[in-house]
Amino acid sequence: MMRIIEKRKQIKKNNIIKVIRDHDDVSRYVLKKKTKYSMTTILNSVVALIDEGLVTEEESTHKSVGR
């Protein structure tokens, strides 16, 4: 039986995957805005999804300004 915390993590990962499927090019920032999860949750989930081979990462073609 999965612990409650693990179930919540899986639900969040599933929601992130849904947003990725619904949008061709999506950034971590967009994932944060669409899911309303913290950036820490987004970063950890995306790394886990990449490690699991469920998503891939491409370099952005858009120029952006950092902090």
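So, what hand does the crossing have where helix 2 passes helix 3? Right-handed, that is, the near helix is turned clockwise from the far one by less than a right angle, where anticlockwise would make a crossing left-handed.

Before I go on, some housekeeping. This is a predicted model, where local features need pLDDT of at least 70 and side-chain atom pairs count only at pLDDT 80 or more, while totals for chains, interfaces and linings use all residues. Residues are numbered from 1 along each chain as its sequence is written, and side-chain values use heavy atoms, with hydrogens and water left out. Helices here are DSSP runs of H or I with at least four residues, numbered from the N terminus.

Back to helix 2 and helix 3. Their axes come within 10 Å and cross at roughly 120 degrees; axes are lines fitted to C-alpha atoms over the stretch in contact, and angles run from 0 to 180 degrees between N-to-C directions. That makes helix 2 oblique to helix 3, since under 35 degrees counts as roughly parallel, over 145 as roughly antiparallel, 65 to 115 as roughly perpendicular, and the rest as oblique. Who touches whom? On helix 2 we have Arg28, Tyr29, Leu31, Lys32 and Thr35, and on helix 3 Met39, Ile42, Leu43, Val46 and Ile50, with contact meaning heavy atoms within 4.5 Å. By class that's 7 nonpolar, 1 polar and 2 charged; Ala, Val, Leu, Ile, Met, Phe, Trp, Tyr, Cys and Pro count as nonpolar, Asp, Glu, Lys and Arg as charged, and the others, Gly among them, as polar.

Next, helix 1 on helix 2. The angle is about 115 degrees, the axes are 10 Å apart, and this crossing is right-handed. Helix 1 brings Ile16, Val19 and Ile20, and they meet Leu31, Lys34 and Thr35 of helix 2. That contact splits into 4 nonpolar, 1 polar and 1 charged.

And helix 1 on helix 3: axes 10 Å apart, at about 80 degrees, so the two are roughly perpendicular. Lys12, Lys13, Ile16 and Ile17 of helix 1 meet Thr41, Ile42, Ser45, Ala48 and Leu49 of helix 3, which gives 5 nonpolar, 2 polar and 2 charged residues.

Now the pockets. A pocket is an open set of points on a 1 Å grid over the protein atoms alone, where a 1.4 Å probe fits, with protein on both sides within 12 Å along at least five of seven lines; lining residues have an atom within 4 Å of a point.

The largest one has a volume of about 820 Å³, volume being the space filled by probe spheres set on the points, which are joined across faces, edges and corners. It has 22 lining residues, and Asp25, Val26, Ser27, Arg28 and Glu58 lie nearest the centre. Helix 2 gives the largest share of that lining, 4 residues. Overall the lining has 9 nonpolar, 7 polar and 6 charged residues.

The second largest pocket is about 170 Å³. Arg8, Lys9, Lys12, Lys13, Thr41, Asn44, Ser45 and Ala48 line it, and helix 1 and helix 3 each give two or more of those. That lining comes out as 1 nonpolar, 3 polar and 4 charged.
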